[in-house]
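Me: I would like to learn how to read a model like this one, feature by feature. Please take it slowly.

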2 protein chains.
Amino acid sequence: MPLNDLSQCAVHTMTNKPWSLRQCCDAYAAAGVAAISIWRNTVAPEEGGVGLEEAVKTVKGSGLAVPAYVRGGFFTALDDADRQKAIDHNKTMLDEAAALGAGQVVLVVGATPGLPLAEARKQVSDGIAACLDHAQQVDVKLSIEPLHPMYAGDKSCVNRMAEARAICEALRHPMLGIAVDVYHVWWDPDLEREIELAGQQGTLLGFHVCDWRVNTRHLLTDRGLMGDGCADIAGIRAMVERAGFDGFNEVEVFSEHYWAMDQHDYLALIAERYRTVT
Amino acid sequence: MPLNDLSQCAVHTMTNKPWSLRQCCDAYAAAGVAAISIWRNTVAPEEGGVGLEEAVKTVKGSGLAVPAYVRGGFFTALDDADRQKAIDHNKTMLDEAAALGAGQVVLVVGATPGLPLAEARKQVSDGIAACLDHAQQVDVKLSIEPLHPMYAGDKSCVNRMAEARAICEALRHPMLGIAVDVYHVWWDPDLEREIELAGQQGTLLGFHVCDWRVNTRHLLTDRGLMGDGCADIAGIRAMVERAGFDGFNEVEVFSEHYWAMDQHDYLALIAERYRTVT
């Protein structure tokens, strides 16, 4: 069933990368988009953002819901000091997420060239474990986002729903779950079963939509908008809904092609594709 | 343990794409490479090759072993006629492989935009099944090569060892097995177990080596030579050897970077990396 309206639609600020947080808030609210997922670069001054206080004011004033603050994680490193730094950074992000009213911090868990994958996976589990008490204190969840296997070299050593589930089952904590992103998992034959399991275990925290372009030109910045590619987006949305998910459908597209467009025209296209092919 | 010598080394003709079949044969034999895996574009006149008769003469004259003829498969299509055409083409490739003295035809199984993945997977299994009698008649095996999930859109709907195993177990045929390519499977946490299972089931037919570059610039033509990237090549070779594999280690690298080099210099580099970091 098409979505028809934008009442469950969220857009990630990175989708409209050329815009500031205020521009995103104003445009999304005006377009009837219900929610915004906030990337830290729009908030943290050291990443070019407006500062937390100003960001909180802007977001609260917009009336938009905030499903997610993006992106924590990156727990892997070649030495202990860097691993501790990553844990501290994730705690800072949890604090910022709480201030922004975000329900979760999305985790891109990390991978480090030169570090064996098995060791990296252990570091990730340990790093998440070290943040869970803090997550509970500030009442913001942590969601592991399995990343496409093409990012296993340097971004994420957790590449399938099953691997994220293994961490959730090992740590078994009410503040820990999974964010399902169509881009990363659409190809996985176990997807339906894993989504169902996540639903049963109460770990289905987020759902990100976009598309896989058949002739992908770049590994990072050539994602498709819904309808541009071959992923069965509506089918996967049906899976998460059958599994009990009733959160926002978060539009997260990194695309040099779309970033080069007039962003208001682009947002109108996002809304159209959201209503018709998501 | 480093390999030290080239007695188990094969090189794919596509690795030295600028060379003709004769140039490959001459250079590999002169370098002490033991075997050549032949891509069809060097053979079939309609793909720019020298013709089967000439190819057979060249290869036999070189004294090189021929572990594989590459690449059959592409069984998926939107209509029956195209599916039948694919089956016929694979039978032709089996005949050509037999003439060339190749032990197996490697299968890139196919994927078709617009065709649901579950349906594509069924078509693949059916297509392979339709070729197995012919494989037995000409005594050439078929090896399913699971391709990296980034090719699930248009090249292969079989993306992990476990999925290839499921097909092998369903069809259970002495002429069917799996080719393990480091590039496609290095990230998979189930890899060791799956290689062990393939060893036990007698389906471990091929082993391809190359590397995953951390900053991959192109999805098709930016593979790394062994040592350029982050895949644990020696570790995976140890896995296939523990599982009983004693065939050739086939160097298969598609790389605009290396194709632009003097191919003799490149072959010397291949031999060095093969001996030291494979």
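The turns below go through the features in order.

Me: What should I know before I start?

Reply: This is a predicted model, in which local features need pLDDT of at least 70, side-chain atom pairs count only at pLDDT 80 or more, and totals for chains, interfaces and linings use all residues. Residues are numbered from 1 along each chain as its sequence is written, while chains are lettered from A and ligands numbered from 1 in the order in which they are written.

Me: How are chain A and chain B related?

Reply: In general, two copies of a chain are related by a rotation about an axis and a shift along it. Here, a rotation of 180° with 0.0 Å of shift along its axis puts chain B on chain A, with an RMSD of 0.0 Å; the fit is by least squares on the C-alpha atoms of residues with pLDDT of at least 70 in both. That is the relation of a two-fold axis.

Me: How many residues does each chain bring to the contact?

Reply: Two residues are in contact if their C-beta atoms, placed from the backbone, lie within 7 Å. Chain B gives 19 residues and chain A gives 19 residues. Of the interface residues of chain B, 100% are also interface residues in chain A, so the copies meet through the same surface.

Me: How do I describe two packed helices?

Reply: Two packed helices are described by the angle between their axes and the distance between the axes. Helices (H or I, at least four residues) and strands (E, at least two) are DSSP runs, numbered from the N terminus. Axes are lines fitted to C-alpha atoms, for helices over the stretch in contact, and angles run from 0 to 180 degrees between N-to-C directions. In chain A, the axes of helix H2 (residues 52–62) and helix H3 (residues 80–100) come within 9 Å and cross at roughly 35°. Leu52(A), Ala55(A), Val56(A) and Val59(A) of H2(A) meet Glu96(A), Ala99(A) and Leu100(A) of H3(A).

Me: Which strands form the barrel of chain B?

Reply: Two strands pair if DSSP finds at least two bridges between them. The closed barrel has 8 strands in the order S1-S2-S3-S4-S5-S6-S7-S8, with parallel pairing. Strand S1 (residues 9–12) and strand S8 (residues 249–251) of chain B run parallel and are joined by 3 bridges. Cys9(B) stands opposite Asn249(B) in S8(B).

Me: Is Arg71(B) buried or exposed?

Reply: A residue is buried if 20 or more other C-beta atoms lie within 10 Å of its own, exposed if 12 or fewer, and partly exposed in between. Arg71(B), in strand S3 (residues 68–73) of chain B, has 20 C-beta neighbours inside 10 Å and therefore counts as buried.
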